Every structure is written in C-alpha cells, then in structure tokens.
Amino acid sequence: MSLFYQQDGAWVGDVIPYWKDGIYYAFYLQDSRKTKDVFAEDTTWHLATTEDLIHFEYHGESIHQGDENALNKNIYTGSIIEG
C-alpha cells in the first residue's frame, strides 16, 4: 500500500481539503509533467474522495482547463467555500 495518493502518470500538489457528512474531499493540483523537466505546465484541479483516508475514489478534473488565452489556463491553489 502506498502512503500517498497519486494518479498514474501525474503528481499531486497543494491539496485543498473539504469535509462534509463523513466524506473527505481532496481537491488538489494535478501536474501531468508532459514535458521533461517542466513542472506545472498544465495544472488543473482534480478531486479524490475518501471516508477513511486509506481508500480513495478518483473523480477526475473538477475545474476544467481553458485554452491558451483563457483566464483558467492554469488554476493554482485556492479555497473551497460552501454557499
């Protein structure tokens, strides 16, 4: 068993935690590292959830990335606010 959560072929950075009704929501910055020695090239928010901090369910990209001219080309660390 791995001590750290990680999707295949990507790195996890800056976890943005949220908890509600017994479920931990781990929003995080995913760095695919598509280009050798280039970090945070296409950083987007992804989501994994867990009830026990051992078994995780991956939910994919949670804030979709925009194109080269979009304000959401790369989205970095932020906060979760329930409204």
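How much of the accessible surface of the protein belongs to carbon and sulfur atoms? Of a total of about 6,100 Å², the share is 55%. Keep in mind as you read that this is a predicted model.

## The overall layout

Let's start with the whole chain. The protein has four strands and zero helices, so its elements, read from the N terminus, follow the order β-β-β-β. Along the principal axes, the C-alpha trace spans about 40 × 35 × 15 Å.

There are 83 residues in the protein, and 27% of them are buried. Contacts can also link parts of the chain that are separated in sequence: taking those between residues at least 6 apart, 35% join residues at least 24 apart.

## The nonpolar core

In soluble globular proteins, nonpolar side chains tend to be buried together. Here, the largest nonpolar core has six residues: Ile 16, Phe 27, Leu 29, Trp 45, Leu 47 and Ile 75. Two strands, β2 and β3, are the elements that give two or more residues to this core.

## A buried polar pair in strand β3

Now look at strand β3, which covers residues 44–50. Both Thr 44 and His 46 sit in this strand. Are these two residues buried or exposed? His 46 has a relative accessible area of 7% and Thr 44 has 4%, so each counts as buried, the cut-off being under 20%. Their side chains make a polar contact with each other, at 3.0 Å.

Which residues does each one touch, leaving aside those up to four places away in sequence? For His 46, the list is Ala 26, Phe 27, Tyr 28, Gln 30, Tyr 58, Gly 60, Glu 61 and Ser 62. Thr 44 touches Tyr 28, Leu 29, Gln 30, Glu 61, Ile 63, Gln 65 and Ile 75. Try comparing the lists: Tyr 28, Gln 30 and Glu 61 appear for His 46 and also for Thr 44. Two core residues turn up here as well, since Leu 29 and Ile 75 belong to the core and are touched by Thr 44.

## A nonpolar patch on the surface

Nonpolar side chains are found on the outside too. Trp 19, Tyr 24, Leu 53 and Phe 56 make a nonpolar surface patch of about 420 Å².

One member of the patch, Tyr 24, is located in strand β2, which covers residues 23–31. Its relative accessibility is 34%, so Tyr 24 counts as partly exposed. Strand β2 therefore holds this patch residue while also being one of the elements that give two or more residues to the largest core.

Technical notes:
Residues are numbered from 1 along each chain as its sequence is written. This is a predicted model: local features need pLDDT of at least 70, side-chain atom pairs count only at pLDDT 80 or more; totals for chains, interfaces and linings use all residues. Side-chain values use heavy atoms; hydrogens and water are left out. Patches are made of residues with over 30% relative accessible area and no salt bridge: like charges are joined within 9 Å, nonpolar side chains (Val, Leu, Ile, Met, Phe, Trp, Tyr) within 5 Å. Accessible areas come from the Shrake-Rupley method with a 1.4 Å probe; for residues, only the protein chains shown count as cover. A salt bridge is a side-chain nitrogen of Lys or Arg within 4 Å of a carboxyl oxygen of Asp or Glu. Buried means under 20% relative accessible area, exposed over 50%, partly exposed in between (1.4 Å probe, protein chains only). A polar contact is a pair of N or O atoms within 3.5 Å; within protein, one must be able to donate a hydrogen and the other to accept it, and residues adjacent in sequence count only if both atoms are side-chain atoms. Contact means heavy atoms within 4.5 Å. A nonpolar core is a set of buried Ala, Val, Leu, Ile, Met, Phe, Trp, Tyr and Cys residues joined through side-chain atoms within 4.5 Å.
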